[in-house]
Amino acid sequence: PNRNKLPKKLCTVCGKFVAHLNHHLLSHTKERRFACTYCPGTFSRSSLLKVHVESVHLKKTAKSCELCDRSFSHKSSYTIHMRAAHNIGEWYECKLCDLKFRHPGGLRGHNNRKHNVASNCECTICGMTFQDNIGLKKHGRVHSNEQPFACRYCPKRFKSPNAHRAHELIHQGVVFTCEYCEKTYRYKSLLNMHVKKEHKKQVAKSESKKALA
């Protein structure tokens, strides 16, 4: 093990374990001390400002996709693209039910929802129940103005990590392509709506073939 590796601490705002807690906490506040010289964007950390400038304004290329020739300013953006667009990359498998996830956060959320044996926690506002306090706390943002998830590329903030990730894909150049007509969409939800509306017969035919296989 690496002795120089910093121990991770729990963030009580979002439930994540992080190495640099003080820096991480800035992502949950509205304090933005670092201003972009190219646009009105401001950021809580200098590293986030650097990512923004290199990807949005300088169009810096760190990695290109060998399959579709898209270019990305950061390796992490390339990795996300390969998983989302080409189904290539590491999968995270649940050891209890064998479901697989593209992101470690998806696996953590699945374990909290499906395999946590803690007693249910009930929302006092709407009555929804959750298996743990973390799930209840995340749900509480629905009833508040709290937006702890800040975009690394622009000033926008979000209540949920899913909305946050979906938004950042726009900046990272990730698109979702329809397998039936090759139309592309920025959000997977829009692609799903398109497929259900325009390709019902093709989907049904494909599913019947899988059932017979």
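These are my notebook entries on what I looked up in this structure, which is a predicted model.

**Entry 1: the overall picture**

I began with the secondary structure and found eight helices and 14 strands in the protein. Next came burial: of the 213 residues in the protein, 30% are buried. I also looked up how far along the chain the contacts reach. Taking contacts between residues at least 6 apart in sequence, I noted that 18% join residues at least 24 apart.

**Entry 2: cysteines**

How many disulfides does the protein have? I got a count of zero disulfides. I then looked at two cysteines in turn.

Cys36 is in no disulfide, and the nearest cysteine sulfur, which belongs to Cys39, is 3.7 Å away. Is Cys36 buried or exposed? Cys36 has 8% relative accessibility, so I put it down as buried.

Cys154 was my second stop. Why is there no bond from the sulfur of Cys154 to that of Cys151? The sulfur in Cys151 is the closest cysteine sulfur to that of Cys154, but the gap is 3.7 Å, too far for a bond. The cut-off I needed here is 2.5 Å between the two sulfur atoms. Cys154 is at 14% relative accessibility and therefore counts as buried.

**Entry 3: His57**

From Cys36 I moved on to His57, in helix H2, which covers residues 46-57. The two are 21 residues apart in sequence, and their C-alpha atoms are 9.9 Å apart in space. What does His57 touch once residues up to four places away in sequence are set aside? I listed Cys36, Tyr38, Cys39 and His52. With His52 there is also a polar contact, side chain to side chain, at 3.1 Å. His57 has a relative accessible area of 27%, so I logged it as partly exposed.

**Entry 4: His81**

Another histidine, His81, sits in helix H3, residues 75-86. At 1% relative accessibility, His81 is buried; the cut-off for that label is under 20%. Which side chain makes a polar contact with the side chain of His81? I found that of His86, at 3.3 Å. Leaving out residues up to four places away in sequence, I wrote down the residues that His81 touches: Cys65, Cys68, Arg70, Phe72, His86 and Val174.

**Entry 5: His164**

I looked up His164 next and placed it in helix H6, residues 161-172. His164 is at 14% relative accessibility and so counts as buried. Where does a polar atom of the His164 side chain find a backbone oxygen 2.9 Å away? That oxygen belongs to Ala150. Ala150 also turns up among the contacts of His164, together with Phe149, Cys151 and Phe158, when neighbours within four places in sequence are left aside. Cys151 is a familiar name by now, as its sulfur is the closest cysteine sulfur to that of Cys154.

**Entry 6: the second largest pocket**

Then I turned to empty space. The second largest pocket holds about 300 Å³. Its lining has 13 residues, and those closest to the centre are Glu179, Tyr180, Asn192, Val195 and Val203. Which elements give two or more residues to the lining? My answer is helix H7 (188-198) and helix H8 (200-212). H7 supplies the largest share, with five residues. Sorted by class, the lining has five nonpolar, three polar and five charged residues.

**Entry 7: Val195**

Val195 is one of the residues closest to the centre of that pocket, so I followed it up. Val195 belongs to helix H7. Is Val195 buried or exposed? Its relative accessible area is 17%, which makes Val195 buried. What does Val195 touch, not counting residues up to four places away in sequence? The contacts I noted are Cys178, Tyr180, Lys200 and Val203. I checked Glu179 too: it is 16 residues from Val195 along the chain, and 8.9 Å separates the two C-alpha atoms.

**Entry 8: Lys95**

My last stop was a loop residue. Lys95 is in the loop between strand E7 (92-93) and strand E8 (100-101). Is Lys95 buried or exposed? With 82% relative accessibility, Lys95 counts as exposed. I also looked up its separation from Asn111: 16 residues in sequence and 9.6 Å in space, C-alpha to C-alpha.

How values were computed. Residues are numbered from 1 along each chain as its sequence is written. This is a predicted model: local features need pLDDT of at least 70, side-chain atom pairs count only at pLDDT 80 or more; totals for chains, interfaces and linings use all residues. Side-chain values use heavy atoms; hydrogens and water are left out. Helices (H or I, at least four residues) and strands (E, at least two) are DSSP runs, numbered from the N terminus. Buried means under 20% relative accessible area, exposed over 50%, partly exposed in between (1.4 Å probe, protein chains only). A polar contact is a pair of N or O atoms within 3.5 Å; within protein, one must be able to donate a hydrogen and the other to accept it, and residues adjacent in sequence count only if both atoms are side-chain atoms. Contact means heavy atoms within 4.5 Å. On a 1 Å grid over the protein atoms alone, a cavity is a set of points where a 1.4 Å probe fits but cannot get out, and a pocket is an open set with protein on both sides within 12 Å along at least five of seven lines; lining residues have an atom within 4 Å of a point. Grid points are joined across faces, edges and corners, and a volume is the space filled by probe spheres set on the points. Ala, Val, Leu, Ile, Met, Phe, Trp, Tyr, Cys and Pro count as nonpolar, Asp, Glu, Lys and Arg as charged, and the others, Gly among them, as polar.
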